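Morning, everyone. I have one chain to go through today, and I will keep to what can be read from the coordinates.

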Amino acid sequence: MTATTDFSFTCKGVRADGYAAGPTLVFRLAITAGPGVRVHALALRCQLRIEPARRGYASGEAEGLADLFGTRSRWGSTLQPVQFAQVPVMVPSFTGETEIDLVVPCTYDMDIAATRYFNALEDGEAPLLMLFSGTAFTGDGGFRVEPVPWDREASYRMPVAVWREMVEQHFPGCGWLRLPRDVMDELLAYRSRHALSSWEATVRALLDAAADAPPPVGRAPDRPAWAGAILPRTTERTAP
């Protein structure tokens with residue numbers, strides 16, 4: 001039997017794509033197949049995960065992560081990997097080694113756990129793990145088809161500044177909030193009823209009214225979002 005190709009992967013950097021229609025990160029990926037090994041094509045899949053236990057957090061960051069992982073006292077059991085993205089890429093023919101751009105579309109939807117994680121970080125780096133799988137077409141004479149071994153992976157520490165740069169390119173000085181249609185209809189009715197000039201003014205009026213209102217008598221304090229069940233997250237490779 002012919003030995004499988006010993007592929008290895010290394011992430012060499014990341015940048016924000018300033019010309020993409022939506023928030024997009026571009027990772028520079030180095031692929032090695034071995035000296036003189038001919039690869040006709042490589043249908044690659046890359047699963048990206050956040051490894052939150054691989055860095056420390058300031059007090060302000062810990063507060064921002066409370067709805068994902070709970071308080072610090074619980075982090076021993078809750079600080080688990082978070083799914084970031086899963087993207088395919090077709091690698092053209094190369095011999096020995098090559099470099100490609102891995103394009104990862106992102107979102108600023110704060111309902112997404114990965115986005116909330118990145119948003120909570122003040123500076124430093126976000127620890128990522130890239131897991132690879134796929135199909136390779138190799139061989140000098142003709143070609144053979146072989147899988148990319150499922151144990152191929154690469155660690156990378158993405159600068160938080162790159163994420164913030166990407167967000168600022170598309171949402172300068174702003175955030176983004178997704179709401180159900182019925183809630184949007186109620187907000188629109190409230191805005192019209194009070195002749196408010198913008199959505200910012202609408203939300204500000206609601207916040208001011210809530211701050212001035214006395215708490216209901218006998219009502220128990222609201223539990224934080226993390227109390228009870230922690231958001232589900234991927235801890236194993238997903239199937240192709």
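I will start with the whole chain, then take some strands and helices, and finish with a few single residues.

Please keep in mind that this is a predicted model. The chain holds seven helices and nine strands. It has 240 residues, and 40% of them count as buried. The exposed surface of the chain comes to about 13600 Å², with 55% of that supplied by carbon and sulfur atoms. As for contacts, take the pairs of residues at least 6 apart in sequence: 74% of those contacts join residues at least 24 apart.

Now the strands. Let me begin with E2, residues 24-32. Seven of the nine residues of E2 are buried, so the rest of the structure largely encloses this strand. Which strands pair with E2? One is E1, residues 8-16, which runs antiparallel to E2 over eight bridges. In that pairing, Arg15 sits opposite Val26 of E2. Another is E6, residues 97-105, also antiparallel to E2, over nine bridges. There, Arg28 is opposite Asp101 of E6. If you are looking along these strands on the screen, recall that in a regular strand the side chains alternate between the two faces of the sheet.

Next, helix H4, which covers residues 113-120. How many of its eight residues are buried? Seven are, so to speak of H4 as mostly covered is fair. The buried ones are Ala113, Ala114, Thr115, Arg116, Tyr117, Phe118 and Ala120. Please remember Tyr117 from that list, as I will return to it.

It returns with Pro127, which lies in strand E7, residues 125-138. Buried or exposed? With a relative accessibility of 2%, Pro127 counts as buried. Leaving out residues up to four places away in sequence, Pro127 touches Arg49, Ile50, Glu51, Arg54, Arg55, Tyr117, Tyr156 and Arg157. So Tyr117, one of the buried residues of H4, is among the contacts of Pro127. There is also a C-alpha distance to note here: Pro127 and Pro52 are 75 residues apart along the chain, and their C-alpha atoms are separated by 6.6 Å.

Helix H6 is the one I would like to spend some time on. It runs over residues 181-193, which makes 13 residues. At 1.5 Å a residue, a helix with that many residues should span 18 Å, and the C-alpha atoms at the two ends of H6 are 18 Å apart, so the expectation and the model agree.

Which residues of H6 are buried? They are Leu187, Tyr190 and Arg191. Those three cover an arc of only 100 degrees around the axis, and this puts them on the same side of H6. The background is that an α-helix has 3.6 residues a turn, so residues three or four places apart point the same way. The cover over the buried residues of H6 includes helix H7, 199-212. On the face of H6 turned away from the buried side are the exposed residues Arg181, Glu186, Ser192 and Arg193.

Between H6 and H7 there is a loop, and Ala195 is in it. Ala195 has a positive phi of about 50 degrees, although it is not a glycine. Ala195 is exposed, at a relative accessible area of 68%.

The remaining item is a pair of residues, Glu146 and Thr5. Glu146 belongs to strand E8, residues 144-148, and Thr5 to the segment before E1. How does each of them count? Glu146 has a relative accessibility of 5%, and therefore counts as buried. Thr5, with a relative accessible area of 6%, is buried as well.

What does the Glu146 side chain reach? One partner is the backbone nitrogen of Thr5, at 2.7 Å. Another is the side chain of Arg144, through a polar contact of 3.5 Å. Apart from residues up to four places away in sequence, Glu146 touches Thr4, Thr5, Gly134, Thr135, Ala136 and Thr138. Thr5, with sequence neighbours left out in that way, touches Ala33, Val37, Thr138, Arg144, Glu146 and Pro149. Thr138 therefore appears in both sets: it touches Glu146 and it touches Thr5.

That is what I had; I am happy to go back to any of these on the screen.

How values were computed:
Residues numbered from 1 in each chain as written. Predicted model: local features only at pLDDT ≥ 70, side-chain atom pairs only at ≥ 80, totals over all residues. Heavy atoms only, no water. Helix = DSSP H or I, 4+ residues; strand = E, 2+ residues; numbered from the N terminus. Expected span 1.5 Å × (residues − 1). Buried < 20%, exposed > 50% of the residue type's maximum accessible area, 1.4 Å probe, protein only. Arc of directions from axis to C-beta. Contact = heavy atoms within 4.5 Å. Polar contact = N/O pair within 3.5 Å; in protein donor to acceptor, adjacent residues only side chain to side chain. Areas by Shrake-Rupley, 256 points an atom, 1.4 Å probe, with all protein chains shown as cover. Pairing = 2+ DSSP bridges.
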